[in-house]
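User: I should like to go through the terms used for this protein and learn what justifies each of them. Please set the values against the definitions as we proceed.

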Amino acid sequence: MAGPIEQFEIKPLIELGVLGGQQIALTNSAIYMFLTICVAAGFLLLSSRRRAIIPGRWQSSAEMLYEFVSKTLRDNAGEKGMKFFPLVFSLFMFILAANLIGMFPYAFTVTSQIIVTFALAMLVFFTVTIYGIVRHGLRFFRLFMPSGVPIALAPLIVPIEIMSFLSRPISHSVRLFSVMLAGHITLKVFAGFVVGLGSLGTLGLFSAILPLAMTVALTALEILMAVIQAYVFAMLTCMYLNDALHPSH
């Protein structure tokens, strides 16, 4: 049985040639990202194709996801934040689909790769920064001096706020990456216990009951975390967008 770390290995599947001395190939990560986009887009397109006044199960599911993200954005960024709804909803659906696809046996979990989650976090970071500067000009930098703070504390508060702002992509990406990585490793370890003990005969089969129960429980927990982490990423995105919309608050 493969070790718990091998499931995260990026492997070239389709060779595309060499460019500048570097091998170009479609990897399992790239293919699963493409699959994630297809699954998310396909679900939304198929569930909304009828546009019935009385929705069926699939249309209700899509509408619930739409309203859920919409409410999260309004609660954290206000009505003006709805201009960023396509971005937030796309991020939410991509992460949710990627997390759930990774729960299937032998599937590759895209969000367990720090480069993927960091790229998503940097997309949010640059969106907030560029929009904030374009929309507010130099007033955007009032973000680093919260209202109500005495001016005498500015030399202390401003560097802290700047460091906090610059570290957002790190915390934003590491949170998702670490939860998915740790969860899949733990799940694979307990599944390995089941296989290892089950191969020891009758006594081993009885001993494998506990790790089997833990594996089932961890699987349910991982499915829950797959949904929660998609929500957390989207919610933090909404909070950061609020800073671009209202930098003085």
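User: What makes Ile14 part of a strand, and which strand is it?

Analyst: In this predicted model, Ile14 lies in strand β1. Strands are DSSP runs of E with at least two residues, and β1 covers 12-19.

User: Why is Ile14 called partly exposed?

Analyst: The relative accessibility of Ile14 is 42%. Buried requires under 20% and exposed over 50%; Ile14 therefore counts as partly exposed.

User: What makes Ile14 eligible for a nonpolar patch, and which residues form that patch?

Analyst: A patch residue needs over 30% relative accessible area, and Ile14 has 42% relative accessibility. The surface patch consists of Leu13, Ile14, Leu16, Leu19, Ile24, Leu26 and Ile31, which together have about 620 Å² of accessible area. Strand β1 provides the largest share, four residues, while β1 and β2 (22-27) each supply at least two.

User: How do you know that Thr237 is buried?

Analyst: Thr237 has 0% relative accessibility. The cut-off for buried is under 20%, so Thr237 counts as buried. Thr237 is placed in helix α8.

User: Which residues does Thr237 contact, leaving aside neighbours within four places in sequence?

Analyst: With that exclusion, Thr237 is in contact with Val88, Leu91, Val124 and His172. Seen from Val88, the residues touched, not counting those up to four places away, are Val69, Leu73, Ala234, Thr237, Cys238 and Leu241.

User: What makes a set of residues a nonpolar core, and which members of the largest core touch the most others?

Analyst: The members must be buried residues of listed types, such as Val, Leu, Ile and Phe, joined through side-chain atoms within 4.5 Å. The largest such core has 44 residues, and Leu73, Val88, Phe92, Ile95, Val128, Phe165 and Phe233 touch the most other members. Two or more residues each come from α2 (57-77), α3 (85-101), α4 (114-136), α6 (168-198) and α8 (209-245). Helix α3 gives the most, with twelve residues. In soluble globular proteins, nonpolar side chains tend to be buried together.

User: How many helices and strands does the whole protein have, and what share of its residues is buried?

Analyst: There are eight helices and two strands, in the order β-β-α-α-α-α-α-α-α-α along the sequence. Of the 249 residues, 37% are buried. The accessible surface comes to about 14,500 Å², with 73% belonging to carbon and sulfur atoms.

Key:
Residues are numbered from 1 along each chain as its sequence is written. This is a predicted model: local features need pLDDT of at least 70, side-chain atom pairs count only at pLDDT 80 or more; totals for chains, interfaces and linings use all residues. Side-chain values use heavy atoms; hydrogens and water are left out. Buried means under 20% relative accessible area, exposed over 50%, partly exposed in between (1.4 Å probe, protein chains only). Contact means heavy atoms within 4.5 Å. Patches are made of residues with over 30% relative accessible area and no salt bridge: like charges are joined within 9 Å, nonpolar side chains (Val, Leu, Ile, Met, Phe, Trp, Tyr) within 5 Å. Accessible areas come from the Shrake-Rupley method with a 1.4 Å probe; for residues, only the protein chains shown count as cover. A salt bridge is a side-chain nitrogen of Lys or Arg within 4 Å of a carboxyl oxygen of Asp or Glu.
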